[in-house]
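Reader: Please give a close account of one part of this model, the residues annotated as the active site, and set that part in the context of its chain and of the complex.

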Amino acid sequence: MKKAELMDYDKALELFEPVLGFEVHVELNTKTKMFCGCANEFGQGANTNTCPTCLGLPGGLPQVNAQAIESSIRLGLALGCEIAEYSRFARKNYFYPDTAKNFQTSQYDEPIAFNGQLTIELESGRLVTVDIERAHMEDDAGKLTHVGGATGRIQGADYSLVDYNRGGVPLVEIVTQMIEGGEADSPEIGRTYVAAIREIVKALGVSNARMEEGNVRCDANVSLRPRGSNILGTRTETKNVNSLRSVEKAVRYEIQRQAALLQAGGTITQETRHWHEDTGITSAGRPKSDADDYRYFPEPDLVPVAPSREWVEELRATLPEPPAARRKRLQADWGFADLEFQDVVNSDLMDAVEATIAAGASAQAARKWWTGEVARLANVAGVSADSLVQPDQVAALIELVVAGTLTDRLARQVLEGVINGEGTPLEVVEFRGLAVVSDDGALIVAIDEALAAQPDVLAKIRDGKVQAAGAVIGAVMKAMRGQADAARVRELVLERAGSADGSAE
Amino acid sequence: MTNVTKLTAAELSELLTDRSVSSVEVTRAHLDHIAAIDTDVHAFLHVARDAALATAARIDARRAAGDELGPLAGIPIAIKDVLATLDMPSTAGSKILEGWIPPYDATVVKRVRDAGLIPLGKTNMDEFAMGSSTEFSAYGPTHNPWDFDRIPGGSGGGSAAAVSSFQAPLALGSDTGGSIRQPAAVTGSVGVKPTYGGVSRYGSIALASSLDQVGPVTRTVLDAALLHDVIGGHDPLDSTSLTDSWPSMAAAARAGLADGALKGVRVGVIKELNGDGFQAGVSQRFTETLALLSAAGAEIVEVSAPNFEYAIAAYYLILPAEASSNLARFDSVRFGIRVNPDEGPLTSERVMAATRDAGFGPEVKRRIILGTYALSAGYYDAYYGSAQKVRTLIQRDFEAAFTKVDVLVSPSAPTTAFKFGEKMSDPMAMYLNDVTTIPANLAGVPGMSLPMGLAPEDGLPVGLQIMAPAKQDARLYQVGAAIEAMLEASWGHTLLSQAPELAPNDMFTSTEGAV
């Protein structure tokens, strides 16, 4: 694909006003699929979680997953939506091999949730309220793998494999109204909005919310309106942008690309576009016109969903504290500076830090360990920090440091032991024999030996050149295999050097 | 020994229960009769001889061991090819599913097996149940046992012909706009379309989801009721399945056999479903039946259903719309035949198109095109939307009528069996044949067809349709059994006893080939 001309970002904003819209697909973490009893599991053997219904076999019929309805209602409520008293599924008809029935069972004019609002806070402190048009339920498609060909796309492939394990997995699609006035913040609005959705579904527990596994997928609509015009520009829809950073980059890229094209007298094609993580560009997908005809009609194999008002209120009572409010509360409780708190949030460690503090650690120590050594080890292992070690273990580790049983350096070794499965921090300390030597007697023996071995250093110390003590401290620490508190060793070295009467000579 | 193929299921049940006959004997007699005559009738697309005999032997062994068995255990049954069966091909009469053996049983098939019935094989039908004559079967038509030059009705002509030619005492059918009742009428058998949601559709290859209903095809009302009791009731796999608990249909049918069962029954005659366009002999037998009913103490009331006039138009929008979507899955990707285009690149889209072009017959294509058009943006409100409104009006017509009467009656079909080819070039003429049966599907109410005599002009069977309010299937069986007894008493015999005796494959040389 050829690289498009891009206009300088500031110039683009001078000439055009970006208008945004987002469709976020959230995969629900129900036990079974949306319309059948097959397991909703990631990473199983191809086509093992299938049945006549989700394979679209002749005679197969759908049954609605009650848990998916409940999750959808809770999500709708968390987005400030109204919940429909009467909601129906509809068939969206189109032929594609990943869609077993050759129609998607979705919702059309009668979604379960509609008219919501979500206020997000940008890094500058700017608050942006995103209007939610609707949140509707649907089933996911299977997964196609195109074999052969250069691009891994269906075009040019020798053949394609279909895995229907994902086919029929419950999705909620959250559709925003047009977002105007984003201006230069538009890319950040995209990232922050998707992050907020992700945070909400995670807090609700309705989705595993892992973008890298496709649990949350974003389609970003971008169009440009020339300054001074009130006519909307033609939009593009960049599909399946699957990381927060990519949402930001893709929006920015489309603004720059479309601006350059429009400025050169070109026109924007209404189309889907693919985001390329590696090259950081979008490329044309398939044309998408408003006249695309999916021949929607009410799904005759399903009865309407009519949640009672009592049930909706019961579910409303189960909603957790809104993530944004929770963030504000926790930052105040913990007394973190903005940057410190951002570091925790961006590393997705708020829950872990909170649990660690709850287990008795100080806020600063919890933050320091999670965003420091634990995050570093997780990065090396290529996993998320909170999957590496439990918060109560980190709290126990911190307690040992506070008690003086471990130095930071020793504690890092103990953490490795805990991660290796050697037991609790205390067990690792015992198993590896890593506790700080706090017995002055043992230290004094070692110090006296070191002073005796380095008489010139001893002389310097006695001459008042205290910095010379470093060499002796190093030797003592080495002799103690690191298991000594360096500050105490220094104190004792100075003490012994001062009190030494030369008997060592 | 009596010829067991001539016995009803209720009679066989007694003989099997007191062990004066074995299921293997009954099953073998039917299989032999199939072998003798079905080359000519062509009711079956697949006969499972070995499996049927093995199943029959198992049932006999269980009976010998003293197992508690249901009333229909050990009795053979024919299954319409629209129903998914684990051990037999299920093609819905279409080339596109040639040889396809599903990995599962339809719920009704599972219930039939669990009740100990013996599946004999799969019966012929119009492709995907689209048709009124079986002429649209991809595997050749079924012949009417009363006259091999005539259609057996459709889409379920195979099941009706199998039952009326004594190849099976019982059969399963499906009825979207009359596919159980019209074949029953033109073959002199009994067919019931239950209340929508009364019988599971899971595993029934869908034509139009909001209209389809599986039901019994038999020779007597009591047999239909016995089979209904086996297949009916809630199925969690079908979201449109009613959760109601149902009374015994067999008990209702037996209650209908009591003396005076018709006394005081208010019978509504639908003004719009008689007269113009109805064959003279059909109207004549209908009028005579009403007179007998009146004499038996029933109260005959004329009722009007003014919106029935629009039923066919609405039906032929709703059905193709739903069918166009239901049939989208036939794309060669997961099952069925695959046909590559003759030339050009092999893209998935082009392979799908070539497969559907080669796999679907002309009527299926016609209805997919109609339905795709009716659902298109800009046309939806005018076509599908309007048709749904008509449907509501027809439901109201039924509701209004049932405030005045207990059951509604009409001829089951406007004519007796027509000749092959007669309506093939004129789809509208074929569609109009369903004028009597379609309203029940649009409203979801139960309907039954039972024989009410032979038309004087052609000597062919005429059917009486009875309809009851939704969920009142039991009333249908009670009144149906009473009318059946009344008519047979007036004739002095059953209607099917007048059917020509079919000699082993000697009526003509079949051009269709053996199954």
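Author:
**The annotated site in chain B**

B:Lys80 is buried, since 33 other C-beta atoms lie within 10 Å, and 20 or more are enough for that class. The model is a predicted one, and the description below should be read accordingly. B:Lys80 is placed in strand E2 of chain B, which covers residues 76–80. Leaving aside neighbours within four places in sequence, B:Lys80 is in contact with B:Thr123 and B:Met125. Its other contacts include B:Gly156, B:Gly158 and B:Ser159, as well as B:Ala171, B:Leu172, B:Gly173 and B:Ser174.

The reason for beginning here lies in the record: an unreviewed UniProt entry carries the annotation "active site" for B:Lys80, B:Ser155 and B:Ser179. These residues are spread over 100 residues of sequence, yet they cluster in space, with a largest C-alpha distance of 10.8 Å.

B:Ser155 belongs to the loop that runs between strand E3 (118–123) and helix H5 (157–164) of chain B. B:Ser155 also counts as buried, because 35 C-beta neighbours are found inside 10 Å. Not counting residues up to four places away in sequence, B:Ser155 touches B:Ser179, another residue of the annotation. B:Ser155 further touches B:Met125, B:Asp126, B:Ala129, B:Met130, B:Gly131 and B:Thr134. B:Met125 thus appears among the contacts of B:Lys80 and among those of B:Ser155.

The surroundings of the site may be considered next. From the unreviewed UniProt entry comes "domain: Amidase", listed for residues 25–476 of chain B. Over residues 25–476, the chain is 38% helix and 13% strand, and the end C-alpha atoms stand 33 Å apart. Chain B as a whole has 16 helices and 11 strands. Its C-alpha atoms fill a box of roughly 70 × 55 × 45 Å along the principal axes. The radius of gyration of chain B is 22 Å, which agrees with the value near 24 Å that a compact globule of 515 residues would have. Of the 515 residues in chain B, 60% are buried. Among contacts in chain B with a separation of 6 or more, 77% join residues 24 or more positions apart.

The largest nonpolar core has 164 residues, and those with the most contacts inside it are B:Ile77, B:Leu120, B:Ala225, B:Ile318 and B:Val407. B:Ile77 falls within strand E2, the strand of B:Lys80. Leaving aside neighbours within four places in sequence, B:Ile318 is in contact with B:Ala208, B:Ser210, B:Leu211, B:Tyr384, B:Ala387 and B:Arg391. A second, separate core of 65 residues includes A:Leu77, A:Val172, A:Ile179 and A:Val206.

As to the complex, 26 residues of chain A are in contact with 36 residues of chain B. On the side of chain A that touches chain B, 16 residues are nonpolar, 5 polar and 5 charged. The predictor assigns the complex an ipTM of 0.94 and a pTM of 0.87.

Confidence remains to be stated for each chain. Chain B averages a pLDDT of 95, with 98% of its residues scoring at least 70. Over residues 507–515 of chain B, however, pLDDT stays under 50, and the model has 16 contacts beyond four places in sequence for them. In chain A the mean pLDDT is 91, and 97% of the residues reach 70 or more. Residues 500–505 of chain A stay under 50, with 6 contacts beyond four places in sequence. Where pLDDT is low, predicted coordinates should not be read in detail.

Methods:
Residues are numbered from 1 along each chain as its sequence is written. Chains are lettered from A and ligands numbered from 1 in the order in which they are written. This is a predicted model: local features need pLDDT of at least 70, side-chain atom pairs count only at pLDDT 80 or more; totals for chains, interfaces and linings use all residues. Helices (H or I, at least four residues) and strands (E, at least two) are DSSP runs, numbered from the N terminus. The radius of gyration is taken over C-alpha atoms; the globule rule is 2.2 Å times the number of residues to the power 0.38. A residue is buried if 20 or more other C-beta atoms lie within 10 Å of its own, exposed if 12 or fewer, and partly exposed in between; C-beta atoms are placed from the backbone. Two residues are in contact if their C-beta atoms, placed from the backbone, lie within 7 Å. Ala, Val, Leu, Ile, Met, Phe, Trp, Tyr, Cys and Pro count as nonpolar, Asp, Glu, Lys and Arg as charged, and the others, Gly among them, as polar. pLDDT is the predictor's confidence in each residue, from 0 to 100. UniProt positions are given in the numbering used here, feature names are shortened, and annotations may be inferred rather than shown by experiment. A nonpolar core is a set of buried Ala, Val, Leu, Ile, Met, Phe, Trp, Tyr and Cys residues joined through C-beta atoms within 7 Å.
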